[in-house]
Amino acid sequence: MSTDSAPLLEVTDLRVHFPTADGVVKAVDGSTFTVRRGETLGVVGESGSGKSITFLTVMGLINRQSARISGSVRFEGREILDASADEMRGIRGARIGMIFQDPMTSLHPMHKVGDQIAEVVRTHTDKSKSEAHRMAVEALREVGIPSPETRARQYPHEFSGGMRQRAMIAMALVMKPSLLIADEPTTALDVTIQAQILELIDELKDQFNIGVVLVSHSLATIADVSENVMVMYAGRPAELGSRDEVFSDAQHPYTWGLLESVPRPDIRVERLVPIDGAPPSLITLPPGCAFGPRCPHARTECTAEVPELRDRGAGHADACILATEEKGRLRAARMKALGVTT
Ligand SMILES: Nc1ncnc2c1ncn2[C@@H]1O[C@H](COP(=O)(O)OP(=O)(O)O)[C@@H](O)[C@H]1O
Ligand SMILES: [Mg+2]
């Protein structure tokens, strides 16, 4: 429905470098992707791959004194990477909602849940206290919290973990933003509640036709609810495409590694294999492809230069220089070795 419209969020060649005493930490180093309304972009990668820094930068939450930031972030048709702190305060919470891993750190323990949500409304509009409160109750209702009038008068500690995360989503969406950024929103929750929260985000995405960014260290977690997937490695996208393309026709050996290390509902695998080694230092990245030192298929050419993200058609892009036919052979051999049966 909305796929032919202009992207809601368009990030191009984003770089976020932190100068430190030990050297420059290249937390994000050339990231390009888009998010459209009505679509969820699932962002996956190991811890430290630059996921949080990417989206903190999009939201204008990285201190410019501490980082060198370059590239472009277009949101709702305008460049916001150079927006003032004031402009970003107007966008955050109103046009871009956000939720984080631990709702206890974002909800103030001493204030009633309804008051905290109403406060977001009061910050962004000149609505009356009672109107803001009414909107807070409505937002709690929309995220499936039973008896929202009563719940609005309670404190965060009176909520269960799952209910607190619902309240955070209510706070993020009370202003009806066009984009929701959820950074590991379910990591602190048990598996059943995780699934319910992801399902809720998926429903709200359709109901309000918003764009969603769903960040996770686990490919399995985001698979069900993401139309598109971006696999990040060492501050760059290694692979980007529709969920179906990335799952059924993965092109990057890092993505293969991720797929082979988690249980999957769609295929039967005899054994799971973790990816060997550890991510590189972001201060001294290996030459060429940053995944090279961990890649069982790496060869001399891979160290020559940092591989560009190349489009393979159908919006599916990857940053591995090996030829498509060769990758097909390598992947088939890997699947065979793992005893994969579809
Ligand atoms: N202020 C900072 N100064 C130096 N390095 C930082 C700073 N903030 C984050 N980093 C580094 O940036 C990298 C990416 O971090 P992050 O985006 O939080 O990873 P992820 O969310 O994928 O786990 C990490 O190696 C982290 O240590
Ligand atoms: Mg993170």
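Leu-214 is found in strand S8 (residues 211-216). In this predicted model, Leu-214 counts as buried, at 2% relative accessibility. Beyond four places in sequence, Leu-214 touches residues that include Thr-40, Leu-41, Ile-201 and Ile-222. The chain itself is divided into domain 1 (9-95 + 177-338) and domain 2 (104-165). The points below go from Leu-214 to the domains, the cores, a helix pair and several single residues.

**Leu-214 in strand S8**
- Leu-214 counts as buried because its relative accessibility is 2%, and buried means under 20%.
- Leaving out residues up to four places away in sequence, Leu-214 touches Thr-40, Leu-41, Gly-42 and Val-43.
- Leu-214 also touches Ala-182, Pro-185, Leu-198, Ile-201, Ile-222, Val-225 and Ser-226.
- Gly-50 lies 164 residues from Leu-214 along the chain, and their C-alpha atoms are separated by 14 Å.

**Domains**
- Domain 1 is made of two stretches, 9-95 and 177-338, while domain 2 covers 104-165.
- The centres of domain 1 and domain 2, taken over C-alpha atoms, are 31 Å apart.
- Contact between them involves 12 residues of domain 1 and seven residues of domain 2.

**Nonpolar cores**
- The largest nonpolar core has 64 residues.
- Those with the most contacts inside this core are Ile-117, Leu-140, Ile-169, Val-174, Ile-201, Leu-219 and Tyr-254.
- Helix H7 (residues 161-173) gives the most to this core, with eight residues.
- Domain 1 and domain 2 each supply at least three residues to this core.
- Another core lies apart from it and has 33 residues, among them Ala-27, Val-28, Val-35 and Ile-80.
- Within the largest core, Ile-169 is one of the residues with the most contacts.
- Neighbours within four places aside, Ile-169 is in contact with Ile-99, Val-143, Ile-197, Leu-200, Ile-201 and Leu-204.

**Helices H4 and H5**
- Helix H4 spans residues 113-124 and helix H5 spans residues 129-142.
- H4 and H5 pack at an angle of about 115°, and their axes are 8 Å apart.
- Their crossing is right-handed.
- From H4, the contact uses Val-113, Gly-114, Asp-115, Ile-117, Ala-118, Val-121 and Arg-122.
- From H5, the contact uses Lys-129, Ala-132, His-133, Met-135, Ala-136 and Leu-140.
- The residues of this contact divide into eight nonpolar, two polar and three charged.
- Ile-117 of H4 and Leu-140 of H5 take part in this contact, and both are listed among the residues with the most contacts in the largest core.

**Gln-116 in helix H4**
- Gln-116 has its place in helix H4.
- Gln-116 is buried because its relative accessible area is 10%, under the 20% cut-off.
- Not counting neighbours within four places, Gln-116 is in contact with Ser-106, Leu-107, His-108, His-111, Pro-156 and Met-171.
- Ala-167 is 51 residues from Gln-116 along the chain, with 9.7 Å between their C-alpha atoms.

**Ile-145 after helix H5**
- Ile-145 sits in the loop between H5 and helix H6 (148-152).
- Ile-145 is buried, with a relative accessible area of 3%.
- Sequence neighbours within four places aside, Ile-145 is in contact with Leu-140, Arg-151, Phe-159, Met-163, Arg-166 and Ala-167.
- His-108 is 37 residues from Ile-145 along the chain, and their C-alpha atoms are separated by 19 Å.

**Ser-178 before strand S7**
- Ser-178 is in the loop between H7 and S7.
- Ser-178 counts as buried, at 0% relative accessibility.
- Leaving aside neighbours within four places, Ser-178 is in contact with Leu-8, Arg-37, Phe-75, Glu-76, Arg-95, Ile-210 and Gly-211.

**Glu-76 and Glu-184: positive phi**
- Glu-76 has a positive phi of about 50°, although it is not a glycine.
- Glu-76 is found in the loop between strand S4 (68-75) and strand S5 (78-79).
- Glu-76 is partly exposed because its relative accessible area is 38%, and partly exposed lies between 20% and 50%.
- Glu-184 is not a glycine either, and its phi is positive at about 45°.
- Glu-184 has its place in the loop between strand S7 (179-183) and helix H8 (191-208).
- Glu-184 counts as buried, at 12% relative accessibility.

Technical notes
Residues numbered from 1 in each chain as written. Chains lettered and ligands numbered in written order. Predicted model: local features only at pLDDT ≥ 70, side-chain atom pairs only at ≥ 80, totals over all residues. Heavy atoms only, no water. Axes fitted to C-alpha atoms, helices over the stretch in contact; angles between N-to-C directions. Helix = DSSP H or I, 4+ residues; strand = E, 2+ residues; numbered from the N terminus. Left-handed = near helix turned anticlockwise from the far one by under 90°. Contact = heavy atoms within 4.5 Å. Nonpolar A, V, L, I, M, F, W, Y, C, P; charged D, E, K, R; others polar. Core = buried A, V, L, I, M, F, W, Y, C linked by side-chain atoms within 4.5 Å. Buried < 20%, exposed > 50% of the residue type's maximum accessible area, 1.4 Å probe, protein only. Domains from an automatic or database assignment.
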